[in-house]
Amino acid sequence: MSELPEKQDYPVDRVRRFLEPGPTVLVSSAWKGETNVMTLGWHIVLGLTPSLVGLRVHAATHSHAMIRDSGECVINLPTTALTDTVVGIGNCSGRDVDKFAQFGLTRQPAAMVGAPLIGECHACFECRLHDDSLADRYNFFVFEVVKAHVAPLPDHPETLHYTGDCTFMLAGRTITRRELFRREMV
Ligand SMILES: Cc1cc2nc3c(=O)[nH]c(=O)nc-3n(C[C@H](O)[C@H](O)[C@H](O)COP(=O)(O)O)c2cc1C
């Protein structure tokens, strides 16, 4: 058996570095003729049918009000080709700038929600607000994905995974253990 890794005390406010494996996304919104987009790393899948995703959108952001008022958003999946744009979008507010114009992003109409799809992204998931009962306490919104648009290739795009401290992990190699999974788990 391999040696057990020796561990040391670690600051609890930095454990995010190890627990945030999900891809950084761009959340677009629309309200009263205005569109906006923010960078978001804190999300979690909460159900498959219906397809539920939880997003933590800080109350101080312009997106928070737009998402809450419209009850809709689009979760867009950027790849490493958009790395600088992802950081730039997270560094400014739609209160001050039109981020679609500033970062040269293409707005495309969604089928089921008012928020725009971002043409440059690998995938776009149209969402309707499902539950905002934790919004006041945790800035947490549960959305239902009502329509998904995905580029067929590559199957596993090189996504950005934010670990804090200005650092992203990149999606890399994939491995499968299909033979070890119980059928009902697949
Ligand atoms: C890599 C990265 C990840 C971020 N993740 C989140 C997040 O999960 N939730 C959040 O509220 N803000 C997050 N932010 C900050 C927002 O993107 C930022 O406050 C943005 O300027 C809000 O824009 P808005 O005011 O136009 O809505 C993140 C920023 C970066 C750069």
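## A residue with positive phi

Let's start in a loop: Asp165 lies between strand S10 (160-162) and strand S11 (168-170). What is notable about the phi of Asp165? Its value is near 55 degrees, which is positive even though the residue is not glycine. For context, most residues other than glycine have a negative phi, and most peptide bonds are trans. Please keep in mind throughout that this is a predicted model.

## Two cis peptide bonds

Where does the chain carry a cis bond to Pro50? The bond joins Thr49 and Pro50, and its omega is about 0 degrees. Pro50 is found in the loop that runs between strand S3 (43-47) and strand S4 (52-56).

Leu153 and Pro154 are also linked by a cis peptide bond, here with omega near -5 degrees. Pro154 has its place in the loop between S9 and S10.

## How the strands pair

Strand S9 (residues 140-150) is a good place to begin with the pairing, as eight bridges join S8 to S9 and the two run antiparallel. Two residue pairs help to locate this contact in the viewer. Leu129 stands opposite Phe143 in S9, while Phe125 has Ala148 of S9 as its bridge partner.

S9 also pairs with S4: five bridges join these two strands, again in the antiparallel sense. Here Leu55 is matched with Phe141, its bridge partner in S9. Strand S8 (residues 123-131) in turn pairs with strand S5 (residues 72-77), antiparallel and over six bridges. Asn76 finds its bridge partner in S8 at Cys124. As a general reminder for reading these strands, side chains in a regular strand alternate between the two faces of the sheet.

## The ligand and its surroundings

Now for the part you may want to inspect most: the space taken by the ligand is the largest pocket. Which elements give two or more residues to the shell around the ligand? They are strand S2 (34-40), helix H2 (62-70) and helix H3 (83-90). S2 gives the most, with four residues.

In total, 20 residues surround the ligand, and the closest are His58, Ser63, Cys92, Ser93 and Gly94. Sorted by class, this shell has eight nonpolar, 10 polar and two charged residues.

## Polar contacts of the ligand

Three polar contacts are worth a look, starting with Ser63. An N or O atom in the side chain of Ser63 is 2.5 Å from an oxygen atom of the ligand. Ser63 is also one of the closest residues to the ligand.

The other two involve the backbone. Thr39 places a backbone N or O atom 2.8 Å from a ligand oxygen atom. For Arg56, a polar backbone atom is 2.8 Å from a nitrogen atom of the ligand. How much of the ligand's surface does the protein bury? Taken alone, the ligand exposes 650 Å², and the protein buries 85% of that.

Notes. Residues numbered from 1 in each chain as written. Predicted model: local features only at pLDDT ≥ 70, side-chain atom pairs only at ≥ 80, totals over all residues. Heavy atoms only, no water. Near = heavy atom within 4 Å. Polar contact = N/O pair within 3.5 Å; in protein donor to acceptor, adjacent residues only side chain to side chain. Areas by Shrake-Rupley, 256 points an atom, 1.4 Å probe, with all protein chains shown as cover. 1 Å grid on protein atoms, 1.4 Å probe; cavity = no way out; pocket = protein on both sides within 12 Å on 5 of 7 lines; lining within 4 Å. Sits in = over half its atoms within 2 Å of the grid points. Nonpolar A, V, L, I, M, F, W, Y, C, P; charged D, E, K, R; others polar. Pairing = 2+ DSSP bridges.
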